[in-house]
Amino acid sequence: MLRSTLLAAARSQGVRRLVEANPLTKPVVARFVAGTTPEDAVRATRTLRDRNMYVTLDHLGEDTLDAQQAADTVRAYQEMLQVLSTEGLADRAEVSVKLSAVGQFLATDGEKIALDNARLICEAAAAAGTTVTLDMEDHTTTDSTLGILRDLRVDFPWVGAVLQAYLHRTEQDCRDLATEGSRVRLCKGAYSEPASVAYQDKAEVDRSYVRCLKILMEGAGYPMVASHDPRMVAIAADLATRAGRSADSYEFQMLYGIRAEEQKRIAAAGNKLRVYVAYGDEWYGYFMRRLAERPANLVFFLRSLISQ
Ligand code: FDA
């Protein structure tokens, strides 16, 4: 109930104005978002690199209905990729892209524009010597996103996909994508989805996550285990061992600002750990999804407002 209310608020322009206008929100946002500028993102990347971690950078933004804004987002990614290259960070950091930020929802030719824009970002990543992963948004975009992924992989076979264990379809998507060289980031899923397409019960989502993990670990691709859940992390490590995987044939991933100590522990144990670092001005939707994930995050937010 609380989760669906927060996720509905994540898409409400009225609530957005209220939350953004409150100056007390900023320090709480800073817990989950590395900053607003590319310099902030590079600083966070260096710090994580120095802790022997890897990074994927998300230039915040989503659901754009403005072609110019989509083009600006592409430019922001191109500039960031150039900086990663010149700063010698391209072997440590890749980028994550939401197709709705680069045109997928535009009324005319949205899908084609998103594909062309994603291609430009992939070209910049190839020139920098790193990779791109396509984020997954709500279920109405899954087929379109996987279609664009297929097209991009013709020229850029290293483009990664995100699959969401809460969707009924995801086990089959895992089977389809568990192929040689295929990078798949498995998460539980962060949007409000109807029972017709998604498991509603947390235990059912967890069971689906484990089934999907098993398919990915036993397959020929490169699984990226995106979860803060200690049970999922332990099960993933166990399944990787059973599948005879070496430590460099899969990785763990967590979000910036969430379970930082656990991130350190996983990396120190000799595993590959990548942190998803979001930066930019358009933090509202991302921030609200983090609040919806965990009541403690919301309590932290409310407490910080009250204690000011
Ligand atoms: P969940 O939220 O179910 O928590 C399970 C347990 O983990 C908790 O009971 C607790 O023990 C522990 N835990 C979780 N958060 C904690 C905290 N803050 N402090 C302490 N313990 C905590 N979603 C999506 O729909 N599309 C996408 O493209 C992506 N991309 C993405 C990339 C990466 C790298 C990550 C890590 C996640 C995403 N997500 C996502 C978000 C994802 O779908 C999901 O909403 C969150 O990761 C939360 O689910 P968890 O698996 O972490 O566990």
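Reader: Which residue is the bridge partner of D58 in β8?
Author: The partner of D58 in β8 is A278. Strands here, like helices, are DSSP runs numbered from the N terminus (strands are E, at least two residues; helices are H or I, at least four). This is a predicted model: local features need pLDDT of at least 70, side-chain atom pairs count only at pLDDT 80 or more, and totals for chains, interfaces and linings use all residues. Residues are numbered from 1 along each chain as its sequence is written.

Reader: How do you know that β1 is paired with β8?
Author: Two strands pair if DSSP finds at least two bridges between them. Strand β1 (residues 54-59) and β8 are joined by six bridges. So the pair meets the cut-off. The two strands run parallel.

Reader: What holds paired strands together in general?
Author: Strands of a sheet pair through backbone hydrogen bonds, either parallel or antiparallel.

Reader: How many bridges join β7 to β8?
Author: Four, and β7 and β8 run parallel. Within this pair, Q253 has R274 of β8 as its bridge partner. On to β6: it pairs with β7 in the parallel sense over three bridges. There, M224 is matched with E251 of β7.

Reader: What do the paired strands form together?
Author: A closed barrel of eight strands, in the order β1-β2-β3-β4-β5-β6-β7-β8, with parallel pairing. From one strand to the next, the twist averages 30 degrees.

Reader: What makes β3 and β4 a pair?
Author: Two bridges join strand β3 (residues 132-134) to β4, in the parallel sense. In this pair, T133 stands opposite G160 of β4.

Reader: What packs on the sheet, touching β4, β5 and β6?
Author: Helix α9 (residues 202-218) does. Its direction makes about 165 degrees with that of β5.

Reader: Why is β7 called largely enclosed?
Author: A residue is buried if 20 or more other C-beta atoms lie within 10 Å of its own, exposed if 12 or fewer, and partly exposed in between, with C-beta atoms placed from the backbone. Five of the five residues of β7 are buried, so the rest of the structure largely encloses this strand.

Reader: Which residues of β7 point one way, and which the other?
Author: E251, Q253 and L255 point one way, F252 and M254 the other, and all are buried. In a regular strand the side chains alternate between the two faces of the sheet.

Reader: How many residues of β8 are buried?
Author: Seven of seven, in a strand that covers residues 273-279. On one side are L273, V275, V277 and Y279; on the other are R274, Y276 and A278.

Reader: Why does G280 count as buried or exposed?
Author: G280 has 22 other C-beta atoms within 10 Å, so it is buried. This residue lies in the loop between β8 and α12.

Reader: And P23, buried or exposed?
Author: P23 has 8 other C-beta atoms within 10 Å, so it is exposed. P23 sits in the loop between α2 (13-21) and α3 (25-32).

Reader: Why are α1 and α12 called roughly parallel or roughly antiparallel?
Author: Axes are lines fitted to C-alpha atoms, for helices over the stretch in contact, and angles run from 0 to 180 degrees between N-to-C directions. Angles under 35 degrees count as roughly parallel, over 145 as roughly antiparallel, 65 to 115 as roughly perpendicular and the rest as oblique. The axes of helix α1 (residues 2-9) and helix α12 (residues 284-293) cross at roughly 180 degrees and come within 8 Å. Therefore α1 and α12 are roughly antiparallel.

Reader: Which residues make the contact of α1 with α12?
Author: R3, L6, L7 and A9 of α1, and M288, R289, L291 and A292 of α12. Contact needs C-beta atoms, placed from the backbone, within 7 Å.

Reader: How are α8 and α9 oriented to each other?
Author: The axes of helix α8 (residues 170-177) and α9 cross at roughly 10 degrees and come within 9 Å. So α8 and α9 are roughly parallel.

Reader: Which residues surround the ligand most closely?
Author: The closest are D135, C187, A190, S227 and H228, in a shell of 24 residues. A residue is near a molecule or strand if its C-beta atom, placed from the backbone, lies within 6 Å of it. The strand β7 gives the most to this shell, with three residues.

Key:
Two residues are in contact if their C-beta atoms, placed from the backbone, lie within 7 Å.
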